[in-house]
Amino acid sequence: MESALEAAINEWHASVNEGDLERSAKAVADPIVVLGPKGAGPITPEQFAEWVERSGIRLVPRSWHPVGERLMVVEEDATWPGSEAPTRVATVFRVTGGKVSAALRLPDLRSALELAFVCREMAATA
């Protein structure tokens, strides 16, 4: 049986990979915190949908690494329009209320897991 965490992340991947802007906006919280090569910070669901359209990215999940009740690291093969081959990346996902509330993309699994563990510990301490 799929957990709520997995369901939200699966919906995020499906909406992004289909390039479905309305579905992408509905798959994320308001705001969603993002991290990628072009910056970091909170954006609206509409801005997230614009990124989906502008980037043309496709992310195929390859391995799943639960870090807590609300955190999951997913290693993915990323492609963009014009890509000759996939690039392996990893994303730290946080889910709140059944929606992805953070998607922090890093260049490799180790970096993503380190960040996820730090985020988990920060959330668990005062």
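## Strand S4 and its surroundings

Helices and strands here are DSSP runs, numbered from the N terminus. With that in hand, we can start in strand S4, which spans residues 71–79 and contains Asp-77. Please keep in mind that this is a predicted model.

Is Asp-77 buried or exposed? Buried means under 20% relative accessible area, so Asp-77, at 12%, counts as buried. Its side chain makes a polar contact with the side chain of Arg-88, at 2.5 Å. Arg-88 also appears among the residues in contact with Asp-77 once neighbours within four places in sequence are set aside; the others are Arg-58, Leu-59, Val-60, Arg-62, Pro-86 and Thr-87.

Thr-79 lies in strand S4 as well. This threonine has a relative accessible area of 26%, so it is partly exposed. Leaving aside neighbours within four places in sequence, Thr-79 is in contact with Gly-56, Ile-57, Arg-58 and Pro-86. Its C-alpha atom is 17 Å from that of Leu-35, and the two residues are 44 apart along the chain. As for the strand as a whole, eight of the nine residues of S4 are buried, so S4 is largely enclosed by the rest of the structure.

## The sheet

Now let's step back to the sheet. Six strands form an open sheet with mixed pairing, in the order S2-S1-S6-S5-S4-S3. Which strands stand at the edges? They are S2 (39–43) and S3 (58–66); each has a single partner strand, so one side of each is left without a neighbour in the sheet. On average, neighbouring strands of this sheet are turned by 20° against each other, direction ignored.

Strand S4 runs antiparallel to S3, and eight bridges join them. In this pair, Ser-63 stands opposite Glu-75 in S4. A hairpin of four residues links S3 to S4. S4 also runs antiparallel to S5, again through eight bridges, and there Met-72 has Phe-93 in S5 as its bridge partner.

## Strand S1 and its partners

Strand S1 (residues 28–36) pairs with strand S6 (residues 99–106) in the parallel sense, over four bridges. Two places to look at in your viewer are Leu-35, which stands opposite Leu-104 in S6, and Val-34, whose bridge partner in S6 is Ala-103. With S2, S1 pairs in the antiparallel sense over five bridges. There, Val-33 has Pro-42 in S2 as its bridge partner, and a hairpin joins S1 to S2 through two residues.

Strand S1 also holds Pro-31. A cis peptide bond joins Asp-30 and Pro-31, with omega at about 5°. For context, most peptide bonds are trans.

## Helices on the sheet

Helix H1 covers residues 4–18, which makes 15 residues. From its first C-alpha to its last it reaches 21 Å, close to the 21 Å expected at 1.5 Å a residue. Which residues of H1 are buried? They are Leu-5, Ala-8, Ile-9, Trp-12, His-13, Ser-15 and Val-16. Just after H1, Gly-19 takes a positive phi of about 65°.

How does H1 sit on the sheet? H1 lies across S1, S3, S4, strand S5 (87–96) and S6, and runs at about 165° to S3. Helix H3 (residues 45–55) packs on the sheet too, touching S1, S2 and S6, and its direction makes about 45° with that of S1.

## Nonpolar cores

In soluble globular proteins, nonpolar side chains tend to be buried together. In this model, the largest nonpolar core has 20 residues, and those with the most contacts inside it are Ile-9, Trp-12, Ile-32, Phe-48, Phe-93 and Val-100. H1, S1, H3, S4, S5 and S6 each supply at least two residues of this core. H1 gives the most, with five residues.

Val-100 is a good residue to click on. Not counting residues up to four places away in sequence, Val-100 touches Ala-8, Ile-9, Trp-12, Ala-27, Val-28, Ala-29, Ile-32, Phe-93, Arg-94 and Val-95. There is also a second, separate core of eleven residues, including Leu-71, Ala-90, Leu-104 and Leu-109.

Terms used. Residues are numbered from 1 along each chain as its sequence is written. This is a predicted model: local features need pLDDT of at least 70, side-chain atom pairs count only at pLDDT 80 or more; totals for chains, interfaces and linings use all residues. Side-chain values use heavy atoms; hydrogens and water are left out. The expected span of a helix is 1.5 Å times one less than its number of residues. Buried means under 20% relative accessible area, exposed over 50%, partly exposed in between (1.4 Å probe, protein chains only). A polar contact is a pair of N or O atoms within 3.5 Å; within protein, one must be able to donate a hydrogen and the other to accept it, and residues adjacent in sequence count only if both atoms are side-chain atoms. Contact means heavy atoms within 4.5 Å. Two strands pair if DSSP finds at least two bridges between them. Axes are lines fitted to C-alpha atoms, for helices over the stretch in contact, and angles run from 0 to 180 degrees between N-to-C directions. A nonpolar core is a set of buried Ala, Val, Leu, Ile, Met, Phe, Trp, Tyr and Cys residues joined through side-chain atoms within 4.5 Å.
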